[in-house]
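Colleague: Before I set anything up with these coordinates, I would like to go through them with you. Could you show me the model?

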Amino acid sequence: VGSMSENAKTISAYTLGCKVNQYDTGVMLESFVRAGYRGTTEGGLFADARLNENLAGATDAGLQTGVYFYSQATSAEEAQEEADFVLDQLGGRKLDLPITFDHERDTTVNARGNNVDRDTLTTAALAFCQRIEQAGYRSMVYGNKVDIARMNLDGLGDRPIWFAEYNALQPSGQFDFVLWQYSNTGSVAGISTPVDMNLRFTDML
């Protein structure tokens, strides 16, 4: 995957990124590329300027591709707006993997999404996923233990969860998840920057 080295700098810049997923007896390389993000203070929507370049680079390297959006939605309406924004950026492009809703507590002082209550965040995540699915894509929800605890998983139905927990011998999340992001300091031949490492527990994504 030598052609990915430059792209991976951007792909891995926001925690999620180029992934190594191992399951059964094989190893599969995948890439989740950032489609964009919502600002943490004023709430503007911003596209990743290298989205198309990164997706093309991943595809050329033989990687399966998905995307994620860093949300700071404070309502279902804003989450739908984010989903529509991602769909506009993709322009109907085919993806191998889901489009992921990534809503985290941000370190920015007074970040707009940090105090969203549990019911509202659950409704927002569901609204994002439903809008993505209506467009013919699959959806997924990402988070660490704190992020996931901020949502009511029953309210998300059977949508897959991507769980992040670093420096653990085994994941401690007491809920079902299909991906475990266990490190953000991994290395892959041909990629010059650290990449996130994941174990994938299903081939149905």
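The questions and answers below go from confidence to strands, aromatic pairs and single residues.

Colleague: What average pLDDT does the chain have?

Modeller: This is a predicted model, so confidence is a sensible place to begin. Of the residues, 84% score at least 70. Averaged over the chain, the pLDDT is 84.

Colleague: Over which residues does pLDDT stay under 50, with 58 contacts beyond four places in sequence?

Modeller: Two stretches need care, and one of them is residues 20–26, where pLDDT stays under 50 and the model has 21 contacts beyond four places in sequence. Where pLDDT is low, the predicted coordinates should not be read in detail, so such contacts are best left uninterpreted. The stretch with 58 contacts, also under 50 in pLDDT, is residues 1–17.

Colleague: Strand β6 interests me; through which helix does the chain cross from β5 to β6?

Modeller: Strand β5, residues 99–103, pairs with β6 in the parallel sense over 4 bridges, and F101 stands opposite V141 in β6. Between these two strands the chain makes a right-handed β-α-β crossover. The helix on that path, residues 118–134, is α4.

Colleague: Which residue in β7 does V141 stand opposite?

Modeller: Strand β6 is joined by 4 bridges to strand β7, residues 161–164, and the two run parallel. Strand β6 itself, residues 139–144, is mostly covered, with 5 of its 6 residues buried. In β7, the residue opposite V141 is I161.

Colleague: What is the relative accessible area of M140?

Modeller: M140 is found in strand β6, and its C-alpha atom is separated by 6.0 Å from that of P98, which is 42 residues away along the chain. Leaving aside residues up to four places away in sequence, M140 touches a list of residues that includes F32, C129, V178 and L205. M140 counts as buried because its value falls under the 20% cut-off. That relative accessible area is 0%.

Colleague: Turning to the aromatic rings, how many residues apart are Y142 and W162, and why does their pair tie together separate parts of the sequence?

Modeller: By the ring-centre rule the count comes to 10 aromatic pairs. One of them is F69 with F85, which is edge-to-face at 6.2 Å centre to centre, with 70° between the planes. Y142 and W162 also form an edge-to-face pair, at 5.2 Å centre to centre and with 85° between the planes. Y142 lies in strand β6 and W162 in strand β7, so the pair ties together parts whose separation in sequence is 20 residues.

Colleague: Are F69 and F85 buried or exposed?

Modeller: F69 and F85 form an edge-to-face pair, and this pair links distant parts of the chain, with F69 in strand β4 and F85 in helix α3, 16 residues apart. Y142 is buried, and so is W162. As for F69 and F85, both are buried.

Colleague: R38 is the next residue on my list; which side chain does the side chain of R38 make a polar contact with at 2.6 Å?

Modeller: R38 lies in strand β2, residues 26–38, and counts as buried because its relative accessible area is 3%. The side chain of R38 reaches the backbone oxygen of E78 at 3.1 Å, and the residues that R38 touches, beyond four places in sequence, include F69, Y70, E81 and R112. At 2.6 Å, the partner side chain is that of E82.

Colleague: Which residue in the loop between β7 and β8 has a positive phi?

Modeller: Most residues other than glycine have a negative phi, so a positive value deserves a second look. N110, in the loop between β5 and α4, has a positive phi of about 60° although it is not a glycine, and N110 is exposed, with a relative accessible area of 71%. In the loop between β7 and β8, a residue other than glycine has a phi near 60°, and its relative accessible area of 80% makes it exposed. That residue is N167.

Terms used:
Residues are numbered from 1 along each chain as its sequence is written. Side-chain values use heavy atoms; hydrogens and water are left out. Buried means under 20% relative accessible area, exposed over 50%, partly exposed in between (1.4 Å probe, protein chains only). Two strands pair if DSSP finds at least two bridges between them. A crossover is right-handed if, with the strands pointing away from the viewer, the path from the first strand over the helix to the second runs clockwise. Rings of Phe, Tyr and Trp (its six-membered ring) pair if their centres lie within 6.5 Å; planes under 30 degrees apart count as stacked, over 60 as edge-to-face and the rest as tilted. Contact means heavy atoms within 4.5 Å. A polar contact is a pair of N or O atoms within 3.5 Å; within protein, one must be able to donate a hydrogen and the other to accept it, and residues adjacent in sequence count only if both atoms are side-chain atoms. pLDDT is the predictor's confidence in each residue, from 0 to 100.
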